[in-house]
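Welcome! Please take a look at the sequence and the 3D structure below, and then let us walk through a pocket, the nonpolar cores and a small group of linked side chains.

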Amino acid sequence: MELTSKQRKILEKAAHDLQPVVIVGGAGVTEGVIKMVDDSLASHELLKVKFNEYKDEKVELTREICEQTNSTLVRVIGNVAILYREAEKKEDRQFDL
């Protein structure tokens, strides 16, 4: 899903008070990390992923996570990536984009 700058701003504002749900540590992006991101997106649509390790590769790793979870990168701020995936059911959608 391609986001417009207006949609990105809406999602960034919504993500401001969120705490990172997934943390990428020394093991990197494992199947467990991918599953956790996928499950979290299924229930929340919007989440933050924090990079405690691999900070230099965070953009590439975030793109890999997005590809494997069918999500969209909203923005990378510092060592935190904001990801979005629209809920499958219309009644479960939190954002009207």
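For sorting residues by class, Ala, Val, Leu, Ile, Met, Phe, Trp, Tyr, Cys and Pro are taken as nonpolar, Asp, Glu, Lys and Arg as charged, and the others, Gly among them, as polar. Keep in mind that you are looking at a predicted model.

**The pocket**

With those classes in hand, the lining of the largest pocket splits into 6 charged, 3 polar and 3 nonpolar residues. The pocket holds about 160 Å³ of space. Its lining takes in Leu41, Ala42, Ser43, His44 and Glu45, along with Arg85, Glu86, Ala87, Glu88, Lys89, Asp92 and Gln94.

One of these lining residues, Glu45, deserves a second look. Glu45 sits in the loop between H2 and S2, and its phi is positive, at about 70°, although the residue is not a glycine. Glu45 counts as buried because its relative accessibility is 2%, which is under the 20% limit.

**The nonpolar cores**

In soluble globular proteins, nonpolar side chains tend to be buried together. Here, the largest nonpolar core has 15 residues, and Val29, Val37, Val49 and Leu83 have the most contacts inside it. Two or more residues of this core come from each of strand S1 (22-24), helix H2 (31-44), strand S2 (46-51), helix H3 (58-69) and strand S4 (80-84). The top contributor is H2, which gives 4 residues. There is also a second, separate core, made of 8 residues, with Leu11, Leu46, Val74 and Tyr84 among them.

**Around the end of H3**

Which residues does Arg85 touch, beyond those up to four places away in sequence? They are Asp38, Leu41, Ala42, Glu45, Thr69, Asn70 and Ser71. Arg85 itself lies in the segment after S4, and it also helps to line the largest pocket.

Thr69 belongs to helix H3. Beyond its neighbours within four places in sequence, Thr69 is in contact with Ile34, Val37, Asp38, Leu41 and Arg85. Ser71 is found in the loop between H3 and S3, and its contacts, with the same neighbours left aside, are Leu41, Ile65, Cys66, Leu83, Tyr84 and Arg85. From Ser71 to His44 there are 27 residues in sequence and 12 Å in space, C-alpha to C-alpha.

Three polar contacts involve Thr69, and here they are with their distances:

| From | To | Distance |
|---|---|---|
| Arg85 side chain | Thr69 backbone oxygen | 2.6 Å |
| Thr69 side chain | Ile65 backbone oxygen | 2.8 Å |
| Ser71 side chain | Thr69 side chain | 2.8 Å |

How do these residues rate for burial? Thr69 is buried, with a relative accessible area of 1%. Ser71 counts as buried too, at 10% relative accessibility, and Arg85 is buried with a relative accessible area of 16%.

Asn70 has another setting. Asn70 is placed in the loop between H3 and strand S3 (72-77). Is Asn70 buried or exposed? Asn70 is exposed, because its relative accessible area is 64% and the limit for that class is over 50%. Its phi is positive, at about 55°, although Asn70 is not a glycine. That gives you two non-glycine residues to compare: Glu45, with a positive phi of about 70°, is buried at 2% relative accessibility, whereas Asn70 is exposed at 64%.

Conventions
Residues numbered from 1 in each chain as written. Predicted model: local features only at pLDDT ≥ 70, side-chain atom pairs only at ≥ 80, totals over all residues. Heavy atoms only, no water. 1 Å grid on protein atoms, 1.4 Å probe; cavity = no way out; pocket = protein on both sides within 12 Å on 5 of 7 lines; lining within 4 Å. Points joined across faces, edges and corners; volume = space filled by probe spheres on them. Core = buried A, V, L, I, M, F, W, Y, C linked by side-chain atoms within 4.5 Å. Buried < 20%, exposed > 50% of the residue type's maximum accessible area, 1.4 Å probe, protein only. Contact = heavy atoms within 4.5 Å. Polar contact = N/O pair within 3.5 Å; in protein donor to acceptor, adjacent residues only side chain to side chain.
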